[in-house]
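User: Hey, got a minute to go through this model with me? I'd like the overview, then a few spots in detail.

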Amino acid sequence: MHATQPSSGQRQPQWKVPQWKAVAAAALLAGGLLAGCTTAPADPQARAAYDEANDPLEPVNRALFEFHQVLDNFLLKPVAFVYSTLVPEPAREGVRNALLNLKTPVFLANDLMQGETMRAGDTLQRFAINSTIGVLGVFDAADKWFGIPRHTEDFGQTLAVWGSGEGPYLFIPVIGPSNPRDLVGLAADSAMDPLNWYLNNTDRQEWIYARTALTGIDARAELLETLDNLEKTSLDYYVTMRSVYRQRRADEIANRKPRQPSVSPTISQAADAGSEIEVKPAKQ
């Protein structure tokens, strides 16, 4: 008796790993760059400033930052400008709300992993309200009508709550300011996203790319004025970006209202990108 073979036209399910390999590769590349660390100064005051900056890879990071600026000026920023010009703000807000709503399972998982049960309850309520009354998350009915404000969580914050150190400051083109802990978190969030799993395992990877692209374009559009002002008012734009990023991440980890605007084009950080800029030395 012969085993029945599937016909050539019959599609068999093939489970695949979500598309986060590029982020993981970036993390490995960043780790490999550690060989280019600068030497810590011997002078006590200079050493204190060096430790405070937490940027032993500054020469490499600055080179990557300059490359990113060229890419941003000639591609990312123009695309974001066209998007913000052609798409009215109410529509952009609806897109942003829907994208954030789709990431609710990731926010919920990180709420729970951090032991934040009350915030997890808020996340569940927001998802239920916005997915129904809010028309698949386009309208933030949970905040406007029920007084349940938005919050976001990511695995980088979860690792910090678990006691993991941030590691050295890194600048990754397109991704922006980061560190090893947040790069690992970014990869983990992508891996745990159930929508990514579904799209991967139904051969709809193009929707993952479209979602990622739209997320990045919308986030960059939200930062047009913020980053322009930051660059114009900075004596050293690279140092200011580093300081603002580290302050903001410290506030996010502590569940405080961020004192700084987002300077990284991720959807979780672009939600309140227009907040006031107040540059102070980063402490973490």
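User: So how many helices and strands does the chain have?
Analyst: The secondary structure comes to 13 helices and two strands. Keep in mind that this is a predicted model.

User: And what share of the residues is buried?
Analyst: Of the 284 residues in the chain, 43% count as buried.

User: What about contacts across the sequence, how much comes from residues 24 or more positions apart?
Analyst: Those account for 64% of the contacts in the chain with a separation of 6 or more.

User: OK, inside now. Which residues make up the largest nonpolar core?
Analyst: There are eleven in all: Phe 65, Tyr 169, Phe 171, Leu 223, Leu 227, Leu 230, Tyr 237, Tyr 238, Met 241, Val 244 and Tyr 245. Helix H12 (224–232) and helix H13 (237–253) are the elements that give two or more residues to this core.

User: Which element gives the largest share?
Analyst: H13, with five residues.

User: What does Phe 65 touch, leaving out residues up to four places away in sequence?
Analyst: Phe 65 touches Phe 171, Tyr 237, Tyr 238 and Met 241.

User: And Glu 66, where is that?
Analyst: Glu 66 sits in helix H3, which covers residues 58–86. In space, its C-alpha is 8.9 Å from the C-alpha of Tyr 238, although Glu 66 and Tyr 238 are 172 residues apart in sequence.

User: Why does Glu 66 count as partly exposed?
Analyst: Because its relative accessible area is 48%, and partly exposed runs from 20% to 50%.

User: Switching to H13: is Arg 246 buried or exposed?
Analyst: Arg 246, which is found in helix H13, is buried, with a relative accessible area of 4%.

User: What lies by its side chain, then?
Analyst: The backbone oxygen of Glu 52 does: a polar atom of the Arg 246 side chain is 2.7 Å from that oxygen.

User: Now the outside. How much area does the chain expose?
Analyst: About 15,200 Å², and carbon and sulfur atoms supply 64% of it.

User: Which residues form the nonpolar patch on the surface?
Analyst: Phe 81, Val 82 and Leu 86 do, with about 330 Å² of accessible area together. Phe 81 is in helix H3.

User: And why is Phe 81 called exposed?
Analyst: Its relative accessible area is 51%, and exposed means over 50%, so Phe 81 makes the cut.

Methods:
Residues are numbered from 1 along each chain as its sequence is written. This is a predicted model: local features need pLDDT of at least 70, side-chain atom pairs count only at pLDDT 80 or more; totals for chains, interfaces and linings use all residues. Side-chain values use heavy atoms; hydrogens and water are left out. Helices (H or I, at least four residues) and strands (E, at least two) are DSSP runs, numbered from the N terminus. Buried means under 20% relative accessible area, exposed over 50%, partly exposed in between (1.4 Å probe, protein chains only). Patches are made of residues with over 30% relative accessible area and no salt bridge: like charges are joined within 9 Å, nonpolar side chains (Val, Leu, Ile, Met, Phe, Trp, Tyr) within 5 Å. Accessible areas come from the Shrake-Rupley method with a 1.4 Å probe; for residues, only the protein chains shown count as cover. A salt bridge is a side-chain nitrogen of Lys or Arg within 4 Å of a carboxyl oxygen of Asp or Glu. A nonpolar core is a set of buried Ala, Val, Leu, Ile, Met, Phe, Trp, Tyr and Cys residues joined through side-chain atoms within 4.5 Å. Contact means heavy atoms within 4.5 Å. A polar contact is a pair of N or O atoms within 3.5 Å; within protein, one must be able to donate a hydrogen and the other to accept it, and residues adjacent in sequence count only if both atoms are side-chain atoms.
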